[in-house]
Amino acid sequence: LSLSLSLFLASSNMCRDKRATHSRGGRDDAGRRSPPRERRRSRSRERDYSGRRERGPREDGGGGSRRSVDEGTRSDRVAVLVDSLPPPSSIHEGVVVSIKPFGAFVQVDGYKRQGLVHISQLAAQHVEAVEDVVRQGDRVKVKVMPGDRDAPEKLSLSMKQVDQASGTDLGDGGGRLARRQREGGEDVSSMTWGLQPLEHDETAEKHSIATAVKDKANFEVTGKLAEATNKVNGVTLKWSEPHDAMKPSKHWRLYVFKGKEQIEPFHIHRQSAYLLGRERRVADIPLDHPSCSTQHAVLQFRLTQKKERGEDGETRVTKLVRPYLMDLGSTNGSFINGEQQQPERYVELLHQDVLRFGYSSREYVLLNADE
């Protein structure tokens with residue numbers, strides 16, 4: 001037992017001496033010198049460390065500084081949009097965002113609100129379709145038109161008053177003079193514009209004055225009295241009911257369809273006439289589409305006489321109240337079964353006729369509840 005204990009202590013001392021020798025970089029049993037542990041490093045690590053030391057610090061100042069630079073650049077790109085309207089008669093650039101039958105909506109650069117370029121303001125010449133001039137996504141130059149007193153929040157724009165190539169203001173005339181000069185037409189530099197004094201023959205002028213017949217007084221009706229009596233809520237109506245206007249005896253209905261959706265119908269048998277338009281102060285049936293006029297059309301019931309021959313051969317006269325439609329000179333017209341009607345002319349309506357006004361997609365179907 002004592003011999004085993006002495007051998008164990010001797011072996012543990014030898015292991016401890018070897019570990020101390022290696023940690024101090026001393027010699028091993030064979031007399032060779034071992035390198036210290038903390039100095040052991042591969043050659044590849046030495047090359048990488050020396051290369052980084054020669055290159056020095058990064059130009060961008062490290063990852064943190066690059067991130068701050070990117071965020072600063074991104075914040076500079078964010079444009080501040082103005083909520084107010086651009087000043088009148090100013091010229092701007094914009095993008096066409098939507099196309100409608102009556103015009104194109106343009107998003108003006110730097111402003112939140114979109115403006116409408118009416119089809120009459122697209123080009124100096126007559127335009128049949130909006131797609132013939134612009135398409136969605138096109139960049140155009142527009143001029144801000146003066147605001148409307150009734151709707152000051154609307155933004156009206158014009159393209160025909162701006163040269164789309166240079167952005168020059170062409171004025172209200174659409175640039176006819178400038179366009180004629182660009183196309184190389186006739187020389188207009190020597191032309192005289194406006195009224196010019198004419199050379200008169202004084203003798204002939206005196207003779208014409210002496211022989212001229214004095215105009216007679218005109219005592220015809222001017223319509224001023226009728227205009228004063230034809231006002232409703234301060235608005236002068238564009239039409240007056242005829243002498244044969246009468247309230248219908250049948251129960252007529254005007255059913256409204258917006259696509260496949262049916263809206264609440266109008267009961268149009270309770271009075272002799274119904275005005276359709278955007279002016280809510282006088283309109284009995286409101287039309288809210290922008291292409292409709294303030295007083296667009298009127299639906300009038302009139303007492304008519306119809307002659308019929310009986311079985312006995314005698315002619316009988318029957319009286320019946322029939323519905324009629326008259327367009328009041330609207331801008332975009334009134335349609336019956338898809339056909340545009342002449343303005344200021346009564347057209348008789350029949351059972352199941354389909355009415356449409358302006359460019360609105362709503363359809364109004366006339367039905368007689370008694371049938």
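**Strands β10, β12 and β13, and a buried serine**

Strands β10 (residues 273-277) and β12 (residues 297-309) run antiparallel to each other, paired over 4 bridges. Keep in mind that this is a predicted model. Here's a quick tour of that pairing, the hairpin that follows from β12, and serine 360.

**The strands around β12**
- In the pairing of β10 with β12, leucine 276 sits opposite alanine 297 of β12.
- β12 also pairs with β13 (residues 315-327), again in the antiparallel sense, this time over 13 bridges.
- Across that pairing, glutamate 308 faces arginine 316 of β13.
- The β12 and β13 hairpin leaves 5 residues between its strands, and glycine 313 there adopts a positive phi near 90°.

**Serine 360**
- You'll find serine 360 in the loop that links β17 (354-357) to β18 (362-368).
- Serine 360 counts as buried because its relative accessibility is 13%, and the cut-off for buried is under 20%.
- A polar atom of the serine 360 side chain lies 3.3 Å from the backbone nitrogen of arginine 362.
- Setting aside neighbours within four places in sequence, serine 360 touches His289 and Ser291.

**The whole protein**
- The overall tally is 6 helices and 18 strands.
- Out of 371 residues, 28% count as buried.
- Among contacts with a separation of 6 or more, 49% join residues 24 or more positions apart.
- About 27,100 Å² of the protein is exposed, with carbon and sulfur atoms supplying 49% of that area.

Conventions
Residues are numbered from 1 along each chain as its sequence is written. This is a predicted model: local features need pLDDT of at least 70, side-chain atom pairs count only at pLDDT 80 or more; totals for chains, interfaces and linings use all residues. Side-chain values use heavy atoms; hydrogens and water are left out. Helices (H or I, at least four residues) and strands (E, at least two) are DSSP runs, numbered from the N terminus. Buried means under 20% relative accessible area, exposed over 50%, partly exposed in between (1.4 Å probe, protein chains only). A polar contact is a pair of N or O atoms within 3.5 Å; within protein, one must be able to donate a hydrogen and the other to accept it, and residues adjacent in sequence count only if both atoms are side-chain atoms. Contact means heavy atoms within 4.5 Å. Two strands pair if DSSP finds at least two bridges between them. Accessible areas come from the Shrake-Rupley method with a 1.4 Å probe; for residues, only the protein chains shown count as cover.
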